[in-house]
Amino acid sequence: MKTLSLIFCTLVMATISMPAGTNCRVIQQNKANLIEETCEQTPHRDLCIQYLSSDPRSTDADVTGLALIMVKVIKTKANKALDKIHQLLQESPEPGQKEALSSCADRYKAILEADVAVAIAALQKGNPKFAEDGANDAAIEATSCENSFSGKSPLTNENNAMHDVAATTGAIVRQLL
Amino acid sequence: MFVGPLYHMGWYHLFYQYNPDSAVWGNITWGHAVSRDMIHWLYLPIAMVPSKWYDINGVWTGSATLLPDGKILMLYTGDTNDFVQVQNLAYPTNLSDPLLLDWVKYVGNPIIVPPPGTHQKNFRDPTTGWIGLDGKWRVAIGSKKGKTGLSLVYKTIDFINFELNDHCLHAVPGTGMWECVDFYPVSINGSKGLDTSVNGPYVKHVLKASMDDTRVDSYALGTYFAENDTWVPDNPLEDVGIGLLLDYGRYYASKTFYDQEKERRILWGWVNETDTESDDLRKGWASLQTIPRTVLFDDKTGTSLLLWPIEEVESLRLSSDEFEGVVVKPGSVVPLNITLATQLDIFAEFEIESLASKNIGKNNIIDCGKIGARDRSAFGPFGLLAIADDSLSEQTPIYFRLSDTTLGNTTTFFCVDERRSSKASDVAKPIYGGKVPILSGEKLSMRVLVDHSIIESFAQGGRTVITSRVYPTEAIYGAARLFLFNNATDINIKISLKIWQLNSAFIRPFPFDQSQ
């Protein structure tokens with residue numbers, strides 16, 4: 001099939017300089033289709049497509065590669081959340097808030113040290129179920145962080161984002177099993 | 001997960017997947033421990049680490065084969081520098097070392113690489129070898145094609161040169177990747193374990209695999225055709241991956257070995273954590289092994305195995321309490337007055353008394369129940385409440401639910417309900433369970449081993465087993481309690497139990513400085 005399109009592509013280019021692009025675009029569209037197909041089986045389809053499409057590596061990636069891209073997103077978001085937590089801790093919060101923030105710091109550290117690290121190793125080594133466990137754990141850590149605030153949580157956006165990204169990652173990894 | 005369990009010169013050896021750097025999966029090496037009795041373990045130095053291109057990304061699972069001349073050969077999966085799963089050979093440097101401290105990797109590794117048609121990431125966990133009709137050894141390796149889980153078979157004479165059989169040992173569509181394949185004979189006269197190479201008319205073969213997709217250990221009984229190295233299940237409806245489980249709880253990557261010393265087949269199981277990674281990092285450890293279990297064919301049902309804690313666990317028993325004929329009425333809970341309730345060995349027998357009163361019970365629930373032990377039906381649930389506190393704010397019900405009061409006619413479920421096992425909101429709290437056949441004339445019984453955060457429950461002599469992890473916040477140490485309960489509506493239960501306090505096993509590093 002691919003060979004056929006390439007020949008046609010070349011032929012068209014040789015004769016008319018116009019919609020040769022259409023046939024070559026078919027090949028690219030297959031990659032975009034992989035992102036769509038993969039994201040279709042995740043709980044937050046649009047979010048999934050957004051994150052994957054915005055990473056240049058997604059054009060050449062297989063499903064494992066797409067999963068690794070999402071794990072990178074978890075890592076970035078966890079680092080950002082930790083930065084914010086440290087900032088908030090420096091602003092001398094009252095005791096209840098401080099305890100919750102410290103607990104959240106532990107949880108986000110665990111996301112980085114355990115979940116992200118294990119997920120990357122597992123995906124590379126071909127034992128994806130550990131990556132699924134890591135993604136599921138990241139979602140739980142984020143939810144637990146959110147629940148640790150008795151009053152209003154200053155990290156709602158971060159925790160919700162982490163939960164959704166983690167759930168998306170887990171759903172992509174499941175497709176590898 | 002475990003690698004190559006074996007018995008050598010008076011010591012049982014356990015090798016396990018170990019990350020020396022963190023309480024998470026990664027940097028996988030072979031931890032090593034030895035024991036005289038498979039209960040009191042002593043840690044030895046790490047046996048093998050990733051050191052060559054063919055295992056630099058992980059020294060994974062494998063199995064030991066003991067040759068008739070006494071040689072020990074270990075086949076294991078290595079993850080290469082290119083993330084390809086290959087099989088390697090290793091052996092002890094010094095066979096006269098009872099501790100088997102040093103291991104050497106064969107210079108010609110890898111000895112098997114993924115064959116054509118098998119993906120490089122779906123090829124792992126070689127089994128213990130068995131001798132076929134032609135005198136050659138066979139080894140099985142799990143894999144998959146599409147969504148069909150299967151076991152490949154290789155033949156060898158020297159464990160260096162291997163040839164792949166045309167047919168696989170067995171395959172089951174829709175079951176996904178088969179990890180930790182295990183293949184061994186059991187005697188249908190059910191009294192002793194058998195060496196892996198035994199075959200004959202009084203033997204059935206067990207094929208087991210760990211299901212990567214669903215994280216359960218599935219098995220089936222069947223017949224091994226040595227003429228062409230294929231295996232067929234006794235009941236295709238309960239084939240590998242779609243039928244019986246070795247354990248209906250949190251249990252995975254198990255494997256057996258033949259204990260030639262006591263002529264038993266012993267099953268090891270891996271039980272990982274169901275709390276969060278942040279908890280695991282804080283406590284600095286993760287993952288347990290169950291008390292090893294003996295494996296026997298259940299000649300009464302003819303369709304299942306019997307798995308039972310090894311008798312050596314009884315050496316941990318301290319004092320005991322006995323309770324005879326305690327009546328528990330519908331909807332009631334009875335406390336048991338024992339000293340501590342965190343390290344226990346419990347054996348309980350249950351008698352059913354039908355009530356003459358109006359039948360108010362629904363009998364439309366026959367399984368564990370959507371809300372577990374809170375789901376009341378006419379003839380269940382009833383059993384024990386383990387790792388509970390005085391106010392029952394935390395409790396783990398272990399129970400039977402019958403469909404009929406005539407034991408020969410009932411469909412019975414054996415369950416563990418973790419929904420109220422802990423007040424913590426970030427731990428998993430599932431309901432586990434499976435059917436357990438009860439034959440007429442039998443007594444209803446369960447055995448339960450409790451050890452703080454792990455509960456191993458055995459129904460009807462080990463026909464159905466459930467391992468569970470619990471993380472109580474109140475029901476800990478001196479505050480933990482044990483209760484009897486009956487939440488059925490139409491029956492009284494009369495329970496007789498014997499409860500032993502269990503000592504610690506004092507697992508520690510091998511005392512090299514002392515004489516042993």
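This passage describes the interface of chain A and chain B and one sheet of chain B in a predicted model.

Contact between the two chains draws on 25 residues from chain A and 25 residues from chain B, and the area buried between them is about 2100 Å², with carbon and sulfur atoms giving 52% of that value. On the side of chain A, the residues that lose the most area to chain B are Lys125(A), Lys129(A) and Leu177(A), which together account for 30% of what that side buries.

Polar interactions also cross this interface, where 15 residue pairs are in polar contact, both residues being at pLDDT 80 or more, and where 5 salt bridges are found. In one salt bridge, Arg215(B) is joined to Glu132(A), with the closest N and O atoms 2.3 Å apart. The elements that give two or more residues to the side of chain A touching chain B are α5 (95–125) and α6 (129–147) of chain A, and the largest share, 12 residues, comes from α5(A). Classed by residue type, this side of chain A has 10 nonpolar, 4 polar and 11 charged residues.

Within chain B, 4 strands form an open sheet in the order β5-β6-β7-β8, with antiparallel pairing. The edge strands, each of which pairs on one side only, are β5 (59–66) and β8 (103–105) of chain B, and neighbouring strands of the sheet are turned by 30° against each other on average, direction ignored. Strand β5(B) runs antiparallel to β6 (residues 72–79) of chain B, to which it is joined by 6 bridges; Leu66(B) has Ile72(B), in β6(B), as its bridge partner.

Terms used. Residues numbered from 1 in each chain as written. Chains lettered and ligands numbered in written order. Predicted model: local features only at pLDDT ≥ 70, side-chain atom pairs only at ≥ 80, totals over all residues. Heavy atoms only, no water. Contact = heavy atoms within 4.5 Å. Buried area = accessible area lost by both parts, 1.4 Å probe. Salt bridge = Lys/Arg side-chain N within 4 Å of Asp/Glu carboxyl O. Polar contact = N/O pair within 3.5 Å; in protein donor to acceptor, adjacent residues only side chain to side chain. Nonpolar A, V, L, I, M, F, W, Y, C, P; charged D, E, K, R; others polar. Pairing = 2+ DSSP bridges. Axes fitted to C-alpha atoms, helices over the stretch in contact; angles between N-to-C directions.
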